[in-house]
Amino acid sequence: PQRRKTSRRMLSKVVLASVVAGAAAFAPASLPSFGRVANKATSPSMQLYGEGKLQGVSSKSLYQAERPASEAFDGTWAGDQGWDPLGISTLIDVRWLREAELKHGRVCMLAATGLLVQDVYQFPGTVATFGDAKVTALHNAAVSQGAMQQLLVWLGFLELFGFVAIVQMLQGSDRQPGDFGFDPLDLAKDQSKFARRQLVELKNGRLAMLGFSGMLVGYQVTGNGPTHPFGP
């Protein structure tokens, strides 16, 4: 057993080193672009649902401060509420910030859905392999059995392509943050509806980041999944 654990640790280190080395090969001279203001976005103006006004310059956040002077808040970005009290958009390229926000939001939407599914359904073979482990306990069980190494390898491989796309964007391509050309249902065909969908994705992603964090804290405190308060 000790030799097996040692082998797993070595495998994890080798895979991690390979992923980092591969990503480093595509790294530009500086990431992100500190001290540079991003170019204006070319996405359509956002129409807030049922309010009859454009999102952006006419929209203010709840804390009622003046809108930042940064060009990042030019009214063309989805979710622009003028919220940047620390002035971060003047220090880091806003395209990098929006890419990170979208990626974390998408991951958390999947993660929050997964935590909810764990409480109401168990896939075949799950109980035999991992027992009744959930949330972080399930993660730890998967790590100890070596299942997470496969995720590390394949997700690390996919991340390389995403990293290349981000580098090209920061070097001046017309790629928009979060755009990987994946649109099998052709939802971007109608630009007026697409603008609304961009806003919906962003807001749901922000909510999912908060929700997923709350689910994790709730599990650590109570030992129960997110649907426990609604159970018998």
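At what angle do helix 4 and helix 6 pack? In this predicted model, helix 4 (residues 135-145) meets helix 6 at about 90°, with the two axes 8 Å apart. Angles of 65 to 115 degrees count as roughly perpendicular, and helix 4 and helix 6 are therefore roughly perpendicular to each other. If you would like to find the spot on screen, look for Val135, Thr136 and Ala137 on helix 4, which touch Leu216, Tyr219 and Gln220 on helix 6. By class, this contact holds 4 nonpolar and 2 polar residues, with no charged ones.

Now follow helix 6 to its meeting with helix 2. Two packed helices are described by the angle between their axes and the distance between the axes. For helix 2 and helix 6, the angle is about 55° and the axes are 7 Å apart. This pair is therefore oblique, and helix 2 passes helix 6 in a left-handed crossing. From helix 2, the contact takes in Arg98, Glu101, Leu102, His104, Gly105, Arg106, Cys108, Met109, Ala111, Ala112, Leu115 and Leu116. Helix 6 answers with Glu201, Leu202, Asn204, Gly205, Arg206, Ala208, Met209, Phe212 and Met215. Sorted by class, the residues of this contact are 12 nonpolar, 4 polar and 5 charged.

Helix 2 (residues 94-120) has another partner to visit. Its axis and that of helix 5 (residues 148-170) come within 10 Å and cross at roughly 155°. Since angles over 145 degrees count as roughly antiparallel, helix 2 and helix 5 are therefore described as roughly antiparallel to each other. Here helix 2 makes a right-handed crossing. The residues that touch are Arg95, Trp96, Glu99 and Lys103 from helix 2, together with Glu159, Ile166, Met169 and Leu170 from helix 5. That contact is made up of 4 nonpolar and 4 charged residues, with no polar ones.

With the helices in place, we can turn to the empty spaces. Rolling a probe the size of a water molecule over the atoms shows where empty space is left. Searching the whole structure turns up 1 cavity of 30 Å³ or more, and its space comes to about 30 Å³. Around this cavity you will find Glu101, Leu102, Gly105, Arg106, Met109, Glu201, Leu202, Gly205, Arg206 and Met209. Helix 2 and helix 6 (191-222) are the elements that give two or more residues to this lining. In terms of class, the cavity lining has 4 nonpolar, 2 polar and 4 charged residues.

Our last stop is the second largest pocket, with a volume of about 570 Å³. Its lining is formed by 18 residues, and those nearest the centre are Phe73, Trp83, Arg98, Glu101 and Arg206. Some of these names have come up before: Glu101 and Arg206 also line the cavity, and Arg98 belongs to the contact between helix 2 and helix 6. Which element gives the most to the lining of this pocket? Helix 2 does, with 4 residues. The pocket lining divides into 9 nonpolar, 4 polar and 5 charged residues.

Notes:
Residues numbered from 1 in each chain as written. Predicted model: local features only at pLDDT ≥ 70, side-chain atom pairs only at ≥ 80, totals over all residues. Heavy atoms only, no water. 1 Å grid on protein atoms, 1.4 Å probe; cavity = no way out; pocket = protein on both sides within 12 Å on 5 of 7 lines; lining within 4 Å. Points joined across faces, edges and corners; volume = space filled by probe spheres on them. Nonpolar A, V, L, I, M, F, W, Y, C, P; charged D, E, K, R; others polar. Axes fitted to C-alpha atoms, helices over the stretch in contact; angles between N-to-C directions. Parallel < 35°, antiparallel > 145°, perpendicular 65-115°, else oblique. Left-handed = near helix turned anticlockwise from the far one by under 90°. Contact = heavy atoms within 4.5 Å.
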